[in-house]
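Colleague: Could you walk me through this model before I set anything up? I'd like to start with how the pieces are arranged.

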Amino acid sequence: MSAVEAKLAELGLTLPEVVPPLAAYQPAVQSGVYVYTAGQLPMVEGKLPVTGKVGAEVTPEEAKELARTCALNALAAVKSVAGDLDRIARVVKVVGFVASASDFTGQPAVLNGASELLGQVLGDKGVHARSAVGVAVLPLDAPVEVEVQVELTGA
């Protein structure tokens, strides 16, 4: 078990299976020392636990937890191409999309779920740049979608 996966276990989390693509793309690709994930939905065992807009059908607190799940799914996607999460030198960038009710403006707080998980699991390597974007709708009516870019060590 890698040190990163041991930290996940310490937090009571297990790295899930990679979420299969919903269309014509790969869950993650490596280019040089970087791994780019596709947008990860908060799928749990192949299903979305909640659907709808944040600020309407979904509370900001629920959405923050869903963003955490997205980040966990992104780590699984990274592992699928990197082979070992201990190869992560740093998380470079996180981009998050929040399906938002028209008056909802708390996208950054929702995306803290993903950012905080990466920090808890990776420490200083998890500190990253980030964009939090409100959108009208996401695939499958998901409330949140997160993509991650990581830099790997050369080994």
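Colleague: Which strands does helix α3 lie across?

Modeller: Keeping in mind that this is a predicted model, helix α3, made of residues 107-122, lies across β3, β4 and β5, and its direction runs at about 145° to that of β4.

Colleague: And what is the strand order in the sheet?

Modeller: The sheet is open and has 5 strands in the order β1-β2-β5-β3-β4, with mixed pairing. Its edge strands are β1 (28-31) and β4 (129-135), each of which pairs on one side only, and the twist from one strand to the next averages 15°.

Colleague: Which strands does helix α2 touch?

Modeller: Helix α2, residues 60-82, packs on the sheet and touches β1, β2 (34-37), β3 and β5, with its direction making about 40° with that of β5.

Colleague: OK, down to the pairings. How many bridges join β3 to β5?

Modeller: There are 9 bridges between strand β3 (residues 88-99) and strand β5 (residues 144-152), and the two run antiparallel. If you want a pair to look at in the viewer, Val 98 has Val 144 as its bridge partner in β5.

Colleague: What about β2, how does it run relative to β1 and β5, parallel or antiparallel?

Modeller: Strand β2 runs antiparallel to β1, to which it is joined by 4 bridges, and it is also antiparallel to β5, with 3 bridges joining them. On the β1 side, Val 29 stands opposite Tyr 36 of β2, while on the β5 side Tyr 34 stands opposite Glu 151.

Colleague: Which side chains of β2 are buried?

Modeller: The side chains alternate along β2, so to speak taking turns: Val 35 and Thr 37 point to one face and are buried, whereas Tyr 34 and Tyr 36 point to the other face and are not buried.

Colleague: Switching to backbone torsions, which residue in the β1 and β2 hairpin takes a positive phi?

Modeller: That is Gly 32, with phi near 65°, in a hairpin that has 2 residues between the strands.

Colleague: Where would I find Glu 45 and Leu 140, which I also want to check?

Modeller: Glu 45 lies in the loop between β2 and α2, and its phi is near 50°, a positive value in a residue other than glycine. Leu 140 is in the loop between β4 and β5, and it too has a positive phi, of about 60°, although it is not a glycine.

Colleague: Why does Glu 45 count as exposed?

Modeller: Glu 45 counts as exposed because its relative accessibility is 79%, and the cut-off for that class is over 50%.

Colleague: Pockets next. What volume does the largest one have?

Modeller: The largest pocket has a volume of about 300 Å³. It is lined by 17 residues, of which Pro 16, Met 43, Val 44, Glu 45 and Asn 73 are the closest to its centre, so Glu 45 turns up again here. By class, the lining divides into 9 nonpolar, 4 polar and 4 charged residues.

Colleague: And which residues are closest to the centre of the second largest pocket?

Modeller: Leu 22, Tyr 25, Gly 39, Leu 41 and Glu 145 are the closest to its centre, out of 13 residues that line the second largest pocket. The space in that pocket is about 150 Å³, and its lining has 10 nonpolar, 2 polar and 1 charged residues.

How values were computed: Residues are numbered from 1 along each chain as its sequence is written. This is a predicted model: local features need pLDDT of at least 70, side-chain atom pairs count only at pLDDT 80 or more; totals for chains, interfaces and linings use all residues. Side-chain values use heavy atoms; hydrogens and water are left out. On a 1 Å grid over the protein atoms alone, a cavity is a set of points where a 1.4 Å probe fits but cannot get out, and a pocket is an open set with protein on both sides within 12 Å along at least five of seven lines; lining residues have an atom within 4 Å of a point. Grid points are joined across faces, edges and corners, and a volume is the space filled by probe spheres set on the points. Ala, Val, Leu, Ile, Met, Phe, Trp, Tyr, Cys and Pro count as nonpolar, Asp, Glu, Lys and Arg as charged, and the others, Gly among them, as polar. Two strands pair if DSSP finds at least two bridges between them. Axes are lines fitted to C-alpha atoms, for helices over the stretch in contact, and angles run from 0 to 180 degrees between N-to-C directions. Contact means heavy atoms within 4.5 Å. Buried means under 20% relative accessible area, exposed over 50%, partly exposed in between (1.4 Å probe, protein chains only).
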